[in-house]
Amino acid sequence: MTMKTISQNKSFGGTQGVYSHESAETGCTMRFGVYLPPAAGKGPVPVLFWLSGLTCTEENFIVKAGAQRVAAELGIALVAPDTSPRGLDYPGDSDSYDFGVGAGFYVDAVKAPWSTGYRMYSYIAKELFELVAGGFSVEASRAGIFGHSMGGHGALTIGLKHPDRFKTISAFAPIVSPTRCPWGEKALAGYLGSDRNTWADYDATLLIKRHGWSGPELLVDQGGDDQFLASQLKPELLVAACAEAKVPLNLRMQPGYDHSYFFISSFIEDHLRHHAAHL
Ligand SMILES: N[C@@H](CCC(=O)N[C@@H](CS)C(=O)NCC(=O)O)C(=O)O
């Protein structure tokens with residue numbers, strides 16, 4: 001598989017790159033960021049996959065999270081993909097911020113026309129993972145996954161379903177139960193259809209109850225003043241699921257913080273150290 005370099009910038013002694021490739025899963029050109037710390041010059045390093053939220057491209061995390069300094073110190077690589085296919089031009093795919101372009105929801109769609117390109121679950125868990133494992137100085141057997149909001153949902157569901165690939169999971173303000181909030185219900189109905197039985201595979205709270213998680217504790221930060229807290233995110237549902245399944249969860253409510261990257265950049269260091277300690 002060929003990759004094209006879009007840009008490379010030196011950052012904290014390492015390199016922040018943006019690359020593109022032709023994706024078999026999404027049927028279009030996909031961009032993603034890879035930060036390689038200085039240690040990657042000497043040999044393969046552990047790698048963390050970051051999944052962004054609604055409206056994001058690969059760029060938001062790279063320029064707003066401030067993760068490179070600590071990733072350089074810890075010797076850990078960061079991969080930041082886009083959040084949906086782009087340029088497929090399905091009717092209505094750009095009509096709303098929470099469905100279609102910028103809102104792939106990390107599922108494999110089954111409803112036409114979405115089913116041909118909206119395959120962000122397989123894109124992240126398989127195609128991109130393998131592309132990065134084969135194309136960069138990373139140790140694929142030491143990989144973790146984290147993300148924000150829709151990307152927190154993606155990190156939880158993909159991580160829980162692939163403990164063989166992702167050894168550590170954390171999230172910022174995740175959508176913990178898309179079967180029980182408006183963002184999730186709209187996306188799952190649109191991509192999967194109206195049969196709610198088919199949605200369960202993409203709900204972290206249901207996956208935890210069904211499969212458990214034997215990895216290190218799940219670290220979740222949640223802003224107390226997040227405008228989406230009560231309506232969309234509902235961390236109490238994750239607390240209940242983890243308690244029932246005896247899955248260790250460290251949910252940290254952070255008073256006064258909202259849903260933005262100001263919140264993420266305030267606690268990103270803790271997440272990087274959490275993953276590094278267990279990888
Ligand atoms: N557009 C929506 C929400 C979009 C939103 O907050 N997106 C989050 C993820 S859910 C984000 O990361 N936005 C990009 C950014 O802040 O850089 C609104 O303004 O109500």
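In this predicted model, helix α4 has a long list of buried residues: M150, G151, G152, H153, G154, A155, L156, T157, I158, G159 and L160. The helix is thus described as mostly covered, with 11 of its 12 residues buried. The cover over these residues comes from several elements, including β4 (45-51), α3, β6, β7 and α6. The length of α4 was also checked. At 1.5 Å a residue, its 12 residues should span 16 Å. The end C-alpha atoms of α4 lie 17 Å apart, which agrees with that expectation.

One of the elements covering α4 is helix α6. The axes of α4 (residues 150-161) and α6 (residues 204-211) come within 9 Å. They cross at roughly 20°. This angle is under 35 degrees, so α4 and α6 are roughly parallel to each other. Their crossing is left-handed. On the α4 side, the contact is formed by H153, L156, T157, L160 and K161. On the α6 side, A204, L207, I208 and H211 take part. By class, the residues of this contact divide into 5 nonpolar, 3 polar and 1 charged. Several of the α4 residues named here, among them H153, L156, T157 and L160, are also listed as buried.

Helix α6 has a further helical partner, α8 (residues 235-245). The axes of α6 and α8 come within 9 Å and cross at roughly 5°. These two helices are therefore roughly parallel to each other as well. From α6, the contact draws on A204, T205, I208 and K209. From α8, it draws on L237, L238, A241, C242, E244 and A245. The classes in the contact of α6 with α8 are 7 nonpolar, 1 polar and 2 charged residues. A204 and I208 of α6 take part in this contact, and A204 and I208 also meet α4.

Two loop residues that are not glycine have positive phi values. The phi of S149 is near 60°. S149 sits in the loop between β6 (138-148) and α4. It has 25 C-beta neighbours inside 10 Å, and the cut-off for burial is 20 or more, so S149 counts as buried. The phi of A173 is about 40°. A173 belongs to the loop between β7 (168-172) and α5 (182-192). With 29 other C-beta atoms within 10 Å, A173 is buried too. The strands β6 and β7 that precede these loops are also among the elements that cover the buried residues of α4.

The loop between β5 (77-81) and α3 (120-135) holds further features. P113 lies in this loop. The peptide bond from A112 to P113 is cis, with omega near 0°. G87 is also placed in the loop between β5 and α3. G87 has 11 other C-beta atoms within 10 Å, and a residue with 12 or fewer counts as exposed, so G87 is exposed. The C-alpha atoms of G87 and V101 are separated by 8.7 Å. These two residues are 14 residues apart along the chain. Helix α3, at the far end of this loop, is one of the elements covering α4.

Notes:
Residues are numbered from 1 along each chain as its sequence is written. This is a predicted model: local features need pLDDT of at least 70, side-chain atom pairs count only at pLDDT 80 or more; totals for chains, interfaces and linings use all residues. Axes are lines fitted to C-alpha atoms, for helices over the stretch in contact, and angles run from 0 to 180 degrees between N-to-C directions. Helices (H or I, at least four residues) and strands (E, at least two) are DSSP runs, numbered from the N terminus. Angles under 35 degrees count as roughly parallel, over 145 as roughly antiparallel, 65 to 115 as roughly perpendicular and the rest as oblique. A crossing is left-handed if the near helix is turned anticlockwise from the far one by less than a right angle, and right-handed if clockwise. Two residues are in contact if their C-beta atoms, placed from the backbone, lie within 7 Å. Ala, Val, Leu, Ile, Met, Phe, Trp, Tyr, Cys and Pro count as nonpolar, Asp, Glu, Lys and Arg as charged, and the others, Gly among them, as polar. The expected span of a helix is 1.5 Å times one less than its number of residues.
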